[in-house]
Amino acid sequence: MAVKIYGSLNNPDDTDKKWTLEIAFPWKILKECSFEGRKPKDGEQWRVNFSRVNWDVEIRKGKYGKKINPKTGKHYPEHNWVWSPQGVIAMHQPETWGYVQFSDTVVKGQKENLEKYGT
């Protein structure tokens, strides 16, 4: 896994530009979800989704805190970000997730060596 922050972590005195995340899943973790316990074949599809939840925040005494709606006295609702939109806030419904299609196609003249990811 790799994380890159374009700014600074938990520093309310500046404005960050963005962040990125790269992750590889070892086959031994995914195997239990696979058809017949085998690696996907060329053209097979799996449903997947990725989610991020965040809240509106404000700085109080040099630290971040969830913003409170002055009309209700409660925190504002969270923002739900997903890789494939589902139409409703229901991340636990795989039938609404997007598809990943596996391929044996060579990209940029070289096939990826998945052995380094524990496959």
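**Note on Gln86, His75 and the salt bridges**

1. Leaving out residues up to four places away in sequence, Gln86 touches Asn49, Met91, Gln93, Thr96 and Trp97. The model in which these contacts are found is a predicted one. Gln86 itself sits in a loop, the one between β7 and β8, where β8 covers 98–101.

2. Is Gln86 buried or exposed? Its relative accessibility is 14%, so Gln86 counts as buried. The cut-off behind that label is under 20% relative accessible area. A reader looking for Gln86 should therefore expect a buried loop residue, with Asn49 and Trp97 among its contacts.

3. His75 is also a loop residue, placed between β6 (63–66) and β7 (79–82). Its relative accessibility is 47%, and His75 is therefore classed as partly exposed. The upper limit of that class matters here, because exposed means over 50%.

4. Which residues does His75 contact, once its neighbours within four places in sequence are set aside? They are Lys66, Lys67 and Ile68. As for Ile5, this residue is 70 residues away from His75 along the chain, and the C-alpha atoms of the two are separated by 27 Å.

5. How many salt bridges does the structure hold? There are 3. One of them joins the side chains of Glu36 and Arg38, with an N to O distance of 3.4 Å. Another joins the side chains of Arg38 and Glu44, at 2.7 Å from N to O. Arg38 thus appears in both pairs, and Glu36, Arg38 and Glu44 are linked in a network of salt bridges.

6. The two glutamates of this network fall into separate accessibility classes. Glu36 has a relative accessibility of 62%, so Glu36 counts as exposed. Glu44 has a relative accessible area of 22% and is therefore partly exposed. The value for Glu44 can be read against the limit for buried, which is under 20%.

7. A salt bridge also forms between Glu58 and Arg60, whose closest N and O atoms are 3.1 Å apart. What are the relative accessible areas of these partners? For Glu58 the value is 29%, which means that Glu58 is partly exposed. For Arg60 the value is 39%, and Arg60 is likewise partly exposed.

Note on methods:
Residues numbered from 1 in each chain as written. Predicted model: local features only at pLDDT ≥ 70, side-chain atom pairs only at ≥ 80, totals over all residues. Heavy atoms only, no water. Helix = DSSP H or I, 4+ residues; strand = E, 2+ residues; numbered from the N terminus. Buried < 20%, exposed > 50% of the residue type's maximum accessible area, 1.4 Å probe, protein only. Contact = heavy atoms within 4.5 Å. Salt bridge = Lys/Arg side-chain N within 4 Å of Asp/Glu carboxyl O.
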